[in-house]
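Below are some notes for a colleague who is looking at this structure for the first time. They are best read with the 3D view open alongside.

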Amino acid sequence: MRLLTTKQIDWTFKTVSTGQFTHGFHQYPARMHPEIAKRVIEKYATDPKSVILDPFMGSGGVLVESMLHGNNSIGIDLNPFAVLISKVKTTKIDSKKLQKIFEEIMNVSVNDYKNKTKFNNHPEKIDLAFWYPTDPIKKLPILKHHIMKIKNNDLRNFFLICFSLTVRRTSFQKNSVYKIYRMKPEVRTDFNPDTFKKFSEICQKNIQNMDYFSSKMDSNAKAYTILGDSRDIHNQFSKIPNEVLENGKAHLVVTSPPYGDHGTTVAYGQFSKHLGLWIDLKEKDELLSVDSKGLGGKKIINHHTLDSDTLTTVLKKVKKKDLLYTKKTSLSNRADDVFAFFYDLDLCLEQLSQSLKKGKSHLCFVVANRTVRREKILTDKILIELSKKYDFKYLETIHRDIVNKAMAVKNAPENISNYSNETMNKESIVLFKF
Ligand SMILES: C[S@@+](CC[C@H](N)C(=O)[O-])C[C@H]1O[C@@H](n2cnc3c(N)ncnc32)[C@H](O)[C@@H]1O
């Protein structure tokens, strides 16, 4: 049989669901298609002892696929809400237990509603009447009260994630947009969600998928989810038990970094804020600082140039256009924003080179090119150029069309239709050997 090369294989996955196993437990911006992780893991993690690392874990799809393949994995993210989703998606729980608790929550909640019992546990910072119709305003606090009473952490977290998705789905938040954005008045008038019904549907689907996930797991592979910054992977690895890593090193990186700074691309913090507040995430400071602490969140003063000619050239063009904007706003120095992002990404690459077993490792980055001041930022090319000095040997780039992805571009301040769509509906899978 003739083996197909990576380029001859279809990477659009048009017919493959993104919600299989625990993948669809909760919405998260710019999720990686699980099939990409699956293929890369199957190709490069041939040793069951290989440890897989996702330094920008998001909602943990790479960790789920690593578990299914029988490999230990480590995920790092500075968003505590993402860490919670990932933890729930990678913690096996007996579905019968979940079903029993689900029925108990529903029984007591329906009773409380009938008896007009009130709980004052909604987040203070959120204007309920502005964001929710009457039904969820009455019922969400009841559900929350009963979920919070569950003593076992894993069980409580599972239902908190179902609750969080219910919060989003019953709110006036526009579903296809990741920034905080209210539905138009005419849509709001016709929006009458049934909160208990929504919660039940989400729980039933997630319990079923947990059952399927558990039935397909035939190893004891573990996933370690870490709340932390990937500009300091060394410190994050110190939180992992010694026996997991080979002399402190992992073997395969599978990841999709942010597109750019969170403020002007995908605002993961904005997406997570209301939900994290509703479920009383204890890492509140971290939750509220996701967008300022993410890659590119802080301007770099007195910097040197990075080792990428492509980046240097495009920065000059953006800077020239910046000068035409005399009005000073937070968006007047776009060249500085772009530089800050790549400066931080470069720090992560250096950290990765120190965290992987040399001669035995591979890296896979899923990135999208974007436009700033109508200039194309070729992230895939810049990544290849930056990686040279860390001895990552470039293998190949696979260009894939994205089908069905809620787009960052809809939120971008420079929403140039057609041009932006053309660039953002494609992504590049860049592969290296180390
Ligand atoms: C494109 S998303 C990852 C999505 C993920 N592959 C999934 O399928 O859900 C990028 C993630 O990087 C995280 N992030 C940004 N800067 C970070 C940093 N310095 N350290 C760790 N995580 C960071 C963001 O919080 C976000 O969750």
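**Notes on the predicted model**

1. Helix α3, which spans residues 80–89, lies across strands β2 (73–77) and β3, and its direction makes an angle of about 165 degrees with that of β3. Please keep in mind, here and in the points that follow, that this is a predicted model.

2. The two strands under α3 belong to an open sheet of 7 strands, whose order is β3-β2-β1-β4-β5-β9-β8 and whose pairing is mixed. Its edges are formed by β3, at residues 223–227, and β8, at residues 393–401, each of which pairs on one side only. On average, neighbouring strands of this sheet are turned by 15 degrees against each other when direction is ignored.

3. Within this sheet, which residue of β4 is the bridge partner of leucine 53? The partner is valine 253, and the strands concerned, β1 (residues 52–54) and β4 (residues 252–255), pair in the parallel sense over 2 bridges.

4. A helix pair also deserves attention: α14, covering residues 309–322, packs with α16, covering residues 379–387, at an angle of about 130 degrees, and their axes are 8 Å apart. An angle that is neither over 145 degrees nor between 65 and 115 degrees, and not under 35 degrees, counts as oblique, and α14 and α16 are therefore oblique to each other. On the α14 side the contact involves Asp309, Thr310 and Leu311, which meet Lys381, Ile382 and Glu385 of α16. By residue class, this contact divides into 2 nonpolar, 1 polar and 3 charged residues.

5. Turning to the chain as a whole, the domain assignment gives domain 1 as three stretches, 34–92, 217–260 and 295–433, and domain 2 as residues 95–214. The centres of the two domains, taken over C-alpha atoms, are separated by 32 Å. Where the domains meet, 10 residues of domain 1 are in contact with 10 residues of domain 2, and the side contributed by domain 1 consists of 5 nonpolar, 2 polar and 3 charged residues.

6. Finally, the surroundings of the ligand should be inspected, and one may ask which of the 23 residues around the ligand come nearest. These are Phe56, Gly58, Ser59, Ser230 and Gly294. Taken together, the residues of the shell around the ligand divide into 12 nonpolar, 7 polar and 4 charged.

Conventions
Residues are numbered from 1 along each chain as its sequence is written. This is a predicted model: local features need pLDDT of at least 70, side-chain atom pairs count only at pLDDT 80 or more; totals for chains, interfaces and linings use all residues. Domain bounds come from an automatic or database domain assignment. Two residues are in contact if their C-beta atoms, placed from the backbone, lie within 7 Å. Ala, Val, Leu, Ile, Met, Phe, Trp, Tyr, Cys and Pro count as nonpolar, Asp, Glu, Lys and Arg as charged, and the others, Gly among them, as polar. A residue is near a molecule or strand if its C-beta atom, placed from the backbone, lies within 6 Å of it. Two strands pair if DSSP finds at least two bridges between them. Helices (H or I, at least four residues) and strands (E, at least two) are DSSP runs, numbered from the N terminus. Axes are lines fitted to C-alpha atoms, for helices over the stretch in contact, and angles run from 0 to 180 degrees between N-to-C directions.
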